[in-house]
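Colleague: I would like to go through this model with you, ligand by ligand. Please keep the answers short.

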Amino acid sequence: MRTAHRTCPLCEAVCGLTLTLDEADRVVGVRGDRDDPFSKGYICPKGASLGRLDDDPDRLTAPMVRGEDGEWREVGWREAFETVERGLSAVPGPGRAIYLGNPNAHTMAGALYGGPLVRSLGTRQVYSASTADQMPKHVAAGLMFGDPLTIAVPDLDRTDYLLMLGANPLESNGSLCTAPDFPGRLKALRRRGGRLVVVDPRRTRTAALADEHVFVRPGADAYLLMGIARTLIEEKLTNVRVPVTGLERLEAAVAEFTPELCAEACGVPAELVRRLAGELAAAPAAAVYGRLGTCTVEFGTLAQWLVDVLNVLTGNLDRPGGAMFPRPATAGPRRTRPYTTGRWHSRVRGLPEVNGELPVATLADEIETPGEGRIRALITVAGNPVLSSPNGARLDAALGDLEFMVSVDPYLNETTRHAHVVLPPPRVAQAGHYDFALLGFAVRDYTRYSPPVTPLPDGRPSEPEILARLAMIAAGQGADADPAGLDELILDQVLRKATGTPGSPVEGRDPAELRAMLHGATMPEVRLDAMLRLGPYGEWGGGGNLSLATLLANPHGLDLGPLEPRLPDALCTASGTVELAPEAIVADLPRMRERAGRRAEGFVLIGRRHLRSNNSWMHNVAPLVGGTNRCTLQINPRDAAELGLQDEAVVRSATGELTVRLEPTDAIMRGVVSLPHGWGHAGTAQLVAAVNAGVNANTLTDESIVDPLSGNAVFNGVPVTLTPA
Ligand SMILES: Nc1nc2c(c(=O)[nH]1)N[C@H]1C(S)=C(S)[C@@H](COP(=O)(O)OP(=O)(O)OC[C@H]3O[C@@H](n4cnc5c(=O)[nH]c(N)nc54)[C@H](O)[C@@H]3O)O[C@H]1N2
Ligand SMILES: Nc1nc2c(c(=O)[nH]1)N[C@H]1C(S)=C(S)[C@@H](COP(=O)(O)OP(=O)(O)OC[C@H]3O[C@@H](n4cnc5c(=O)[nH]c(N)nc54)[C@H](O)[C@@H]3O)O[C@H]1N2
Ligand code: SF4
Ligand SMILES: [Mo]
């Protein structure tokens with residue numbers, strides 16, 4: 001037996017774990033790493049099951065190729081990559097597409113090789129889970145702060161007042177707000193006399209812990225936030241402390257959204273809207289935080305914009321205890337191009353490009369619709385869009401129609417079963433880990449690298465190598481090209497840029513000399529070393545001492561301190577100030593005004609998450625399923641009684657219908673029903689998941705409706721009807 005330390009890769013909380021391994025290098029025990037300065041020993045049931053997940057007998061251990069007869073067979077890696085080369089070379093650039101799923105935000109492979117893979121494909125058919133999740137936040141941040149990744153996070157440990165909308169961190173452990181032991185941090189906020197207000201159509205576990213829970217009509221948070229903004233302005237409660245442009249334009253734009261009008265639209269009484277405005281303004285330091293429930297709605301971008309409008313108007317943006325911008329250790333040079341969207345449009349529906357990608361809500365259109373540029377080949381990496389994207393049932397059928405599909409995924413599942421080749425990444429314990437993405441949203445500046453805990457078996461490529469090889473195949477360099485060549489090219493670009501930038505601490509130095517100073521056992525480690533050294537705490541760039549060597553010498557991670565004010569330096573807008581009323585946003589307000597009086601007849605559907613689940617892919621681990629983790633439709637008991645519903649109901653939407661088990665609970669608003677996504681396991685080799693199959697919530701969600709500014713899918717507020725089964 002031995003122990004090893006590693007960051008948990010399963011959710012955004014980045015907890016440090018201490019693993020116990022047996023002689024065969026199997027993970028037989030997992031506990032929280034008490035010496036991690038950020039997570040301090042915290043662990044949740046998912047992290048505790050990491051060994052079971054790693055050891056899941058249904059995980060693929062070798063590449064799979066599907067023959068003409070539809071039968072899967074295991075092949076060697078060489079044959080697998082050659083099959084990919086043949087399949088991809090039959091489809092020219094524009095007919096190729098890629099879908100990058102959620103775990104790419106957690107793997108070094110996704111962070112370091114996702115971009116190069118996209119570029120080498122030579123296509124604009126680029127899709128990801130981001131347009132089923134947080135794209136509205138990126139667009140709002142891009143328009144207001146100039147960079148879609150400049151995202152303000154609530155300063156959880158110092159705030160006096162937190163207004164949280166559409167997030168349930170007691171189940172999700174937080175999102176776009178990296179905070180291990182989020183529940184403990186919320187309890188500490190209350191213990192020190194702070195106030196927590198949760199806005200949600202359900203009384204969630206987070207809402208139950210709060211000082212106050214406010215029911216809101218699904219999809220209508222933008223009205224509530226607008227009503228608060230209008231009140232702050234009207235009652236002269238604003239205190240703008242950062243450089244801004246567009247304040248007058250903002251004031252003019254919000255004028256017609258009276259608290260009464262907003263109350264009518266969102267279901268929160270006007271008096272309460274006014275009181276919340278007063279409380280936010282009066283708190284010594286306050287933060288507004290909106291997450292998934294406010295993103296995956298028709299007014300997603302407007303809601304994300306309003307969250308930060310409130311943070312600015314109350315003087316809380318960029319101040320301790322307010323909403324602050326983290327400074328991650330691998331931060332690159334500042335963005336110089338102005339942020340725009342719509343640089344190109346999707347072929348079938350004309351939806352605008354955002355952050356270099358197109359909405360996943362139109363992926364099926366692009367596969368099905370004939371014509372030049374139709375998608376004929378698809379790569380999926382760590383994604384299960386059949387269960388995760390709107391009208392997944394339609395996508396399910398469309399995927400069967402592709403000429404070639406390759407998936408990088410440890411499982412044969414509802415999506416990857418359509419692939420011709422599946423390339424499984426190695427076990428979690430065999431992968432190095434650095435949270436390039438998530439540490440940019442952390443509530444304390446912090447860094448930690450976890451080298452692989454156990455070595456890769458001979459001949460087994462790491463996930464970075466799998467993606468690098470795919471990139472080289474896509475670029476026409478063949479299945480045999482040396483993947484290190486790609487890394488050297490990228491390193492050369494990074495070092496040239498740094499040495500060529502006036503004012504950079506390495507300005508004028510020789511890139512080759514710097515390259516020779518970099519270390520690492522693998523190319524991802526060498527690239528991490530370069531980013532750390534050049535970063536804001538780096539040996540080369542920031543007057544600190546960070547490099548890969550520093551992190552290897554500190555296996556529990558390093559605390560880099562509380563968040564510090566970063567404005568105006570962090571802003572990349574053309575004006576150099578916070579844009580309070582970006583044109584694209586103002587142009588979308590008439591839509592919000594027009595729909596203020598609109599009400600869905602019947603019921604609306606929303607989603608939810610369970611602590612022991614993670615999107616679609618942890619239902620095959622026996623200790624994590626069952627109990628509260630079940631695919632049931634929550635409904636208010638009075639609604640169920642009025643409709644005469646017993647154990648099951650048939651739910652119908654514009655796109656499909658499902659028969660679901662009911663879970664009556666007065667925790668949910670009347671007129672609203674909630675079904676978790678990621679279920680509906682069918683026809684795959686995951687034996688535990690097959691027993692607890694559930695239904696695919698995204699049979700009901702409508703791919704034809706998106707948040708127009710971001711193209712984001714709409715999962716909350718979907719009109720449905722219910723009848724007895
Ligand atoms: N255990 C677990 N953890 C996870 C995941 C998981 O599947 N399971 N998934 C991970 C991922 S990919 C993400 S993005 C994060 C998400 O993390 P969170 O943002 O915390 O998301 P949810 O837990 O889904 O909570 C969203 C809440 O929004 C509410 N809601 C629905 N519609 C509306 C609305 O219109 N307005 C408001 N105000 N609320 C609404 C729902 O009732 C729900 O309570 O969690 C991550 N962590
Ligand atoms: N109705 C509804 N739909 C939703 C949501 C909702 O709240 N309601 N939430 C949305 C959100 S927030 C998200 S993020 C998306 C998620 O959408 P997706 O990313 O498409 O779906 P996941 O279920 O996260 O699938 C992850 C896949 O990655 C694989 N995987 C796990 N670890 C690794 C790894 O290390 N490497 C590789 N290569 N593969 C790995 C898993 O086997 C699985 O197939 O779903 C969205 N869909
Ligand atoms: S909270 Fe998230 S990061 Fe922490 S142990 Fe659980 S799954 Fe892992
Ligand atoms: Mo997500």
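Colleague: Which residue has a polar backbone atom 3.0 Å from a nitrogen atom of ligand 1?

Modeller: First, the ground rules: this is a predicted model, where local features need pLDDT of at least 70, side-chain atom pairs count only at pLDDT 80 or more, and totals for chains, interfaces and linings use all residues. Residues are numbered from 1 along each chain as its sequence is written, chains are lettered from A and ligands numbered from 1 in the order in which they are written, and side-chain values use heavy atoms, with hydrogens and water left out. A polar contact is a pair of N or O atoms within 3.5 Å; within protein, one must be able to donate a hydrogen and the other to accept it, and residues adjacent in sequence count only if both atoms are side-chain atoms. The backbone partner at 3.0 Å is Val-199.

Colleague: How much of ligand 1 does the protein bury?

Modeller: Areas here come from the Shrake-Rupley method with a 1.4 Å probe; for residues, only the protein chains shown count as cover. Taken alone, ligand 1 exposes 910 Å². The protein buries 98% of that.

Colleague: Which side chain has an N or O atom 2.8 Å from a nitrogen atom of ligand 1?

Modeller: Side chains also reach ligand 1. An oxygen atom of the ligand is 2.7 Å from an N or O atom in the side chain of Ser-172. For the nitrogen atom at 2.8 Å, the side chain is that of Arg-609.

Colleague: Between which domains does ligand 1 lie?

Modeller: The shell counts residues with a heavy atom within 4 Å. There are 31 around ligand 1, with Asp-200, Gly-219, Asp-221, His-610 and Ser-613 the closest. Domain bounds come from an automatic or database domain assignment. Two domains both give residues to this shell, so ligand 1 lies between domain 2 (135–328 + 574–592) and domain 4 (600–724).

Colleague: How many charged residues are in the shell around ligand 2?

Modeller: Ala, Val, Leu, Ile, Met, Phe, Trp, Tyr, Cys and Pro count as nonpolar, Asp, Glu, Lys and Arg as charged, and the others, Gly among them, as polar. Of the 28 residues around ligand 2, Tyr-99, Asn-102, Asp-409, Glu-463 and Ser-616 come nearest. By class, 13 are nonpolar, eleven polar and four charged.

Colleague: What share of the accessible area of ligand 2 does the protein cover?

Modeller: Look at the contacts. A nitrogen atom of ligand 2 is 2.7 Å from a polar backbone atom of Ser-388, and a nitrogen atom is 3.2 Å from an N or O atom in the side chain of Arg-609. On its own ligand 2 has 920 Å² of accessible area, and the protein covers 94%.

Colleague: Which charged residue is among those around ligand 3?

Modeller: The shell divides into seven nonpolar, two polar and one charged. Its residues include Cys-8, Cys-11, Cys-15 and Cys-44. The charged one is Lys-46.

Colleague: How many residues of H14 are buried?

Modeller: Helices (H or I, at least four residues) and strands (E, at least two) are DSSP runs, numbered from the N terminus. Helix H14 covers residues 300–313. Buried means under 20% relative accessible area, exposed over 50%, partly exposed in between (1.4 Å probe, protein chains only). H14 is largely enclosed by the rest of the structure, because its buried residues number 14 of the 14.

Colleague: Which side chain makes a 2.7 Å polar contact with that of Ser-407?

Modeller: Ser-407 sits in strand S16 (residues 404–408). Ser-407 is buried, at a relative accessible area of 0%. The partner side chain is that of Thr-380.

Note on methods. The expected span of a helix is 1.5 Å times one less than its number of residues.
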